[in-house]
Amino acid sequence: MQLEFNYEEANNHDVNEHARLSGQKQAVISLSGGMDSSTVLLRLLTEGYQVTAVSFDYGQKHNIELKRAAELVEYLNQNGYKGRIRRQTITMLGLKDMISSNLVQGGEDVPEGHYEEENMKDTVVPNRNKMFSSIIQSIALSIANEMDCEVKIAMGIHAGDHAIYPDCRQEFRDADYEAFVQGNWDAERVTYYTPYLEGDKYSILQDGDKCCTQLNINFDEVYKRTSTSYKPDKIGRSDYKSASSVERIEAFIKLGWKDPVEYIDGWEVAKNHVEKLLKNY
């Protein structure tokens, strides 16, 4: 019998044995468990960074992503990168009863369709990236001060997010960083690292393939440990009709490869659905 995903299981995968990572190339990443931030993690490792990975549990319906983030870090630890990553989940569950979004538990159904449609705004979580970035800024500046080094804040935001999510745009990032600098001593030690800001999921996958080759790890083993779906089923399989899933599937179609994650009705059904949908755009 298959069991429903339980968040407590994800906590058992947290990898925190490194109280403070050593080395002068330090980065802090917002690691959601999706393919975008997971690829940024790979990119940081190829560039020699020691990475503090922070995941957030804010009552999202798709909290399977937290388990996937833990599984990816565990895979990397077992394949040559132990001691390069520490991971922590920040719990913000009190938010779910106080914010309005279709993505959080108790909200309306997550809309389906293409990611450029107007109803995708229902998936916005008010001020989500501001909340996340404030915490990550605090962690990054603490590392910078303790280790007397510069620290990068890494995020997987990309051009495909700009239309629906204003907190993924460069204008917001600039304003947010200015507020951080104005509100903290020596904040200039911390800078942003957003390598995919002008790219899309297809270009992210292309870079992910390059990173996997450089790191000598398996592409499918990495990306099956990610989750992009906003409507996974009770055992964590991805849907293929929500906008986030459509965007991911489109990227794999362009790449010409089968997505290694498990879809509710299988890859071929998911692929055919998205191909038909894209004919209207």
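**Ile29 and its surroundings**

I started at Ile29 in this predicted model and listed what it touches. Leaving out residues up to four places away in sequence, Ile29 is in contact with Ser37, Val40, Leu41, Leu44, Val51, Thr52, Ala53, Val54, Ile136 and Ala154. I then asked where Ile29 sits in the strand pairing: it stands opposite Ala53 in β2. Ala27 has its own partner there, standing opposite Val51 in β2.

**Strand β1**

Next I went through the strand around these residues. β1 covers residues 26-30 and is joined by five bridges to β2, residues 50-57, with the two strands running parallel. Which way do the β1 residues point? I found Ala27 and Ile29 on one side, with Gln26, Val28 and Ser30 pointing the other way, and all are buried. That fits a rule I like to keep in mind: in a regular strand the side chains alternate between the two faces of the sheet. Since five of the five residues of β1 are buried, I noted the strand as largely enclosed by the rest of the structure.

**The sheet**

I stepped back to see the whole sheet. It is open and has five strands, in the order β3-β2-β1-β4-β5, with parallel pairing. The edges are β3 (85-91) and β5 (190-193), each of which pairs on one side only. On average, neighbouring strands are turned by 25 degrees against each other, direction ignored.

Then I looked for what lies over these strands. Helix α2, residues 35-46, lies across β1, β2, β3, β4 (151-154) and β5, and runs at about 170 degrees to β1.

**Cores**

Back to Ile29, this time for its place in the nonpolar interior. The largest nonpolar core has 43 residues, and Ile29 is among those with the most contacts inside it, along with Leu42, Leu44, Leu76 and Ile217. I checked which elements give two or more residues to this core: they are β1, α2, β2, α3 (64-81), α6 (201-215), α7 (219-223), α8 (243-255) and α9 (267-278). I also found a second, separate core of 33 residues, which includes Phe56, Leu95, Ile143 and Leu197.

**Tyr223**

Is Tyr223 buried or exposed? I looked it up: Tyr223 belongs to helix α7, and its relative accessibility is 0%, so it counts as buried. Setting aside neighbours within four places in sequence, I found Tyr223 in contact with Met35, Thr39, Leu42, Ile204, Leu205, Gly208, Cys212, Arg248, Pro260 and Val261. For Val261 I also noted the backbone distance: the C-alpha atoms of Tyr223 and Val261 are separated by 7.0 Å, although the two are 38 residues apart along the chain.

**Two helix pairs**

I finished with helix packing. At what angle do α8 and α9 pack? I have about 95 degrees, with the axes 10 Å apart. The two are therefore roughly perpendicular to each other. On the α8 side I listed Val246, Ile249, Glu250, Phe252 and Ile253, which meet Trp267, Ala270, Lys271, Val274, Glu275, Leu277 and Leu278 in α9.

The other pair is α4 (residues 128-147) with α5 (residues 170-183), at an angle of about 45 degrees and with axes 11 Å apart. I therefore wrote α4 and α5 down as oblique to each other. Their contact is made by Asn129, Lys130, Ser133, Gln137 and Leu141 of α4, together with Phe172, Arg173, Asp176 and Phe180 of α5. As for handedness, α4 passes α5 in a right-handed crossing.

Terms used
Residues are numbered from 1 along each chain as its sequence is written. This is a predicted model: local features need pLDDT of at least 70, side-chain atom pairs count only at pLDDT 80 or more; totals for chains, interfaces and linings use all residues. Side-chain values use heavy atoms; hydrogens and water are left out. Two strands pair if DSSP finds at least two bridges between them. Helices (H or I, at least four residues) and strands (E, at least two) are DSSP runs, numbered from the N terminus. Axes are lines fitted to C-alpha atoms, for helices over the stretch in contact, and angles run from 0 to 180 degrees between N-to-C directions. Contact means heavy atoms within 4.5 Å. A nonpolar core is a set of buried Ala, Val, Leu, Ile, Met, Phe, Trp, Tyr and Cys residues joined through side-chain atoms within 4.5 Å. Buried means under 20% relative accessible area, exposed over 50%, partly exposed in between (1.4 Å probe, protein chains only). Angles under 35 degrees count as roughly parallel, over 145 as roughly antiparallel, 65 to 115 as roughly perpendicular and the rest as oblique. A crossing is left-handed if the near helix is turned anticlockwise from the far one by less than a right angle, and right-handed if clockwise.
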